[in-house]
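This report goes through a single protein chain, topic by topic. Look at the sequence and the model first, then read on.

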Amino acid sequence: MNQQEKQALKQIMQREIAALSTEIAEYERSLKPIKKDCSLDSIDHKMLKQEQDITLQRYEVAKKRLHRLQTTYNTIDNQTYDICQECEEAIPLERLKLMPESQYCVACMNELGL
């Protein structure tokens, strides 16, 4: 992978990091504790709680991906960035454009069940 391709991937990562940071901030605002409100019946309260549980799951997934992207961004200049950790073959550039934090090629990822 040449420097120009790495620079393009860095720009993709910067955009994704910014988008995830915004998304995480929105999730954090909506994760405030649900207070028992006299105007809500128990079914409404349960529905709100379920929605909050889903939001919490999305929040956790977004935080993990943000961490992977930030780590990858800081190590993209390493010689092993675009090399599959399993088969040690080059990860296709198109895959890295879609998931710049990829550590495995598609074949190894499927074989490993990831």
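## Cysteines

The structure holds zero disulfides. The model is a predicted one, and the distances given here are computed from it. A disulfide is a covalent bond between the sulfur atoms of two cysteines. To count as one, the two sulfur atoms must be within 2.5 Å.

Why does Cys84 have no such bond with Cys87? The sulfur of Cys87 is the closest cysteine sulfur to that of Cys84, but the distance is 3.7 Å, which is too far for a bond. Cys84 is buried, because its relative accessible area is 1%. Cys108 gives a second case: its closest cysteine sulfur is in Cys105, at 3.6 Å, and this is also too far for a bond. Cys108 has 8% relative accessibility, so Cys108 counts as buried.

## The nonpolar core

How many residues make up the largest nonpolar core? There are 18 residues in it, and Leu9, Met13 and Tyr81 have the most contacts inside this core. Helix α1 (3–30) and helix α2 (42–75) each supply at least two of the core residues. The largest share comes from α1, with seven residues.

Tyr81 can be followed further. Apart from neighbours within four places in sequence, Tyr81 is in contact with Met1, Leu9, Met13, Thr72, Thr75, Ile76, Leu96 and Pro100. Two residues in that list, Leu9 and Met13, are named with Tyr81 as having the most contacts inside the core.

## Glu16

Is Glu16 buried or exposed? Glu16 lies in helix α1 and has a relative accessible area of 17%, so Glu16 is buried. The cut-off for buried is under 20%.

When residues up to four places away in sequence are not counted, Glu16 touches Arg65, Leu69, Lys97, Leu98 and Pro100. Pro100 is also in the contact list of Tyr81.

## Salt bridges

Side chains of opposite charge can pair when their charged atoms come close. The structure holds six salt bridges. One of the pairs is Asp53 with Lys49, where the N to O distance is 3.5 Å. Both residues are in helix α2, four residues apart, which is about one turn of the helix. Asp53 is partly exposed, with a relative accessible area of 35%, and Lys49 counts as partly exposed at 39%.

Which parts of the chain does the pair of Arg65 and Glu101 tie together? The side chains of Arg65 and Glu101 meet in a salt bridge, with 2.6 Å from N to O. Arg65 is in helix α2, while Glu101 is in the loop between α3 (93–98) and α4 (106–112), so this salt bridge ties together parts that are 36 residues apart in sequence. Glu101 counts as buried, at 6% relative accessibility.

Glu101 also forms a salt bridge with Arg68, and the closest N and O atoms of this pair are 3.8 Å apart. This pair, too, links distant parts of the chain: Glu101 in the loop between α3 and α4, and Arg68 in helix α2, 33 residues apart. Arg68 is partly exposed, with a relative accessible area of 39%.

## The network

Glu16, Arg65, Arg68 and Glu101 are linked in a network of salt bridges. Within this network, Glu16 and Glu101 are buried, whereas Arg68 is partly exposed. Glu16 lies in helix α1, Arg65 lies in helix α2, and Arg68 lies in helix α2 as well.

Note on methods
Residues are numbered from 1 along each chain as its sequence is written. This is a predicted model: local features need pLDDT of at least 70, side-chain atom pairs count only at pLDDT 80 or more; totals for chains, interfaces and linings use all residues. Side-chain values use heavy atoms; hydrogens and water are left out. A nonpolar core is a set of buried Ala, Val, Leu, Ile, Met, Phe, Trp, Tyr and Cys residues joined through side-chain atoms within 4.5 Å. Buried means under 20% relative accessible area, exposed over 50%, partly exposed in between (1.4 Å probe, protein chains only). Contact means heavy atoms within 4.5 Å. A salt bridge is a side-chain nitrogen of Lys or Arg within 4 Å of a carboxyl oxygen of Asp or Glu.
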